[in-house]
Amino acid sequence: MAPFDLFFVLFLTIPVLIWLIDGSASEPSRGILRNVFSGFAPGFYFGFGYFVSGMWWVGTAVLVDGDRFAWALPLAILALPAVLGLFWGVGTSIACLFWSGLVRRVFMLASCLMLMEYFRGFIATGLPWNSIGYAAFVNSFTMQTASVFGVYAITPFVVLVAALPLLLLGMQGYSAFKRYIFILVWLALVTGHVGYGVWRLDTADTGFVEGVSLRLVQPNIEQSKKFDPEREAEFVKRYLDMSTLEQDGVKLSNVTHLIWPESVFPFLLTERRDVLAAIAAMLPDGTSLVTGAVRAEQGASASGNNLVFNSIYVIDHEGIIVSAADKVHLVPFGEYLPFQDLLESIGIQQLTALEGGFQPGSSRKLLSTGTGPLFLPLICYEIIFSGQVWSGESRPGWIVNLTNDAWFGMTPGPYQHERQAIVRSVEEGLPLVRVANTGISGVYDSYGNVVKRLPLDQQGILDSPLPKALEQTIHIQYGNFIFWTVFVIFFTVGIIPSRKT
């Protein structure tokens, strides 16, 4: 996974997983239930190791306020990977029930892991972080198949390709002709994957939306200081000063969309007329501000407090909040607690330490500044859910992803988040504008190419035009059909009896 992209490690690890399942499946039959438990262990421990090594950085979030949350470090580093490993354990349990043959067992494992990765995106609100399909998307050339298959349907192909060393070792009994055929099929998958990307980028319909000019602000504020009330004036001034800088001859008056990251203000903006007035004084006529903010409304919460939402505001040049959208997919233990009232009653809080937690928005909606196409607002990890970002009838012209990855410091987390966001852009055929507090911020076209980018842990502004959107991709039009077709093919090949496969 990003930022290392050592995808070739799978040529070692996937064969090892298959050998471990071979050992479980070769045990004398003691009934279906015992076989299921026997097949569970290899997948669970393999998945546990996979998620520990790929997501250990989640633990840095609980150390931001270590005095209160350091006790949760083992839960973040070990318990979370263990929960995610359950999905892989279930996948290998199912595969073990039908385990046989040389090639067929690889197809069976691929189909079962594909299904479990898909379910991982839905069950218990879902957490499809680092789905193994992302190993196939290391750069813009290799990302283009996402516009057809999406990350879930590419998963079985990743498993099949990675199993090549094991399959070649087991094919000594086959004729040279059959071995060559298998290698040719393997090469066809790899060259087709890369070749499609080369062809698609070579024939790309690139260009920019006329009349739209973006300015992204990356303030690089440490998470431990971000909500310090004594520094609130300093940070508001930083946003205002950075926004009005002249860079490479571009002034704020040349900008149509000024974009700030998630959760900019440590207060309710609607209650701070002074800050809204400062924003109005800053914004030239024709420039709108798109910013993350906390929104509150009166409601019958269990604690009697107002309902609080993690939101995106559009503010015009007069300092008026003209529209807003709420975050729909909240982060468990970060923005809310399962069994919120019960856990709060025993002294446990989510990382944001907001009494009662955040409330989810009822549905997603498109926003507009009055200039340029409608945009789809996605806050933080809402963008990692393949096939779930937008299902409305009107098609947005671009995606705005505001986030605050300062929780995770200089770890692989922000790089993985950026990669998954870019793959969503390719799946949807929409340009992506990503603005993060500490980085990584950037503008990416509908093919996943970087137009402009600010690296992690750097303060700065980024001026860019807005790339054009594409027509609906094959994935958006037929994604579910393609997913289930691929699953049925792989599962069928894995289950049909054959003498030598």
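Which residue in S4 does Ala293 stand opposite? I will come to that in a moment, after a word on the model and on the sheet that it shows.

What we have here is a predicted model, and the part I would like to begin with is an open sheet of 6 strands, whose pairing is mixed and whose order reads S5-S4-S3-S2-S1-S11. Strand S5, residues 321-326, and strand S11, residues 460-467, stand at the edges with a single partner strand each, and therefore one side of each is left without a neighbour in the sheet. If we ignore direction, neighbouring strands of this sheet are turned against each other by 35° on average.

Within the sheet, strand S3, residues 288-297, runs antiparallel to strand S4, residues 307-315, and 9 bridges join the two. To return to my opening question, the residue in S4 that stands opposite Ala293 is Ser311. Packed on the sheet is helix H12, residues 232-243, which touches strand S1 (208-218), strand S2 (257-259) and S11, and whose direction makes about 145° with that of S1.

Let me now turn to a single residue, Leu115, which is found in helix H6, spanning residues 104-120. Is Leu115 buried or exposed? Its relative accessibility is 15%, and because buried means under 20%, Leu115 counts as buried. Leaving aside residues up to four places away in sequence, Leu115 touches Trp484 and Phe487. As for Glu393, that residue and Leu115 are 278 residues apart in sequence, while from C-alpha to C-alpha they are 28 Å apart in space.

Technical notes:
Residues are numbered from 1 along each chain as its sequence is written. This is a predicted model: local features need pLDDT of at least 70, side-chain atom pairs count only at pLDDT 80 or more; totals for chains, interfaces and linings use all residues. Side-chain values use heavy atoms; hydrogens and water are left out. Helices (H or I, at least four residues) and strands (E, at least two) are DSSP runs, numbered from the N terminus. Buried means under 20% relative accessible area, exposed over 50%, partly exposed in between (1.4 Å probe, protein chains only). Contact means heavy atoms within 4.5 Å. Two strands pair if DSSP finds at least two bridges between them. Axes are lines fitted to C-alpha atoms, for helices over the stretch in contact, and angles run from 0 to 180 degrees between N-to-C directions.
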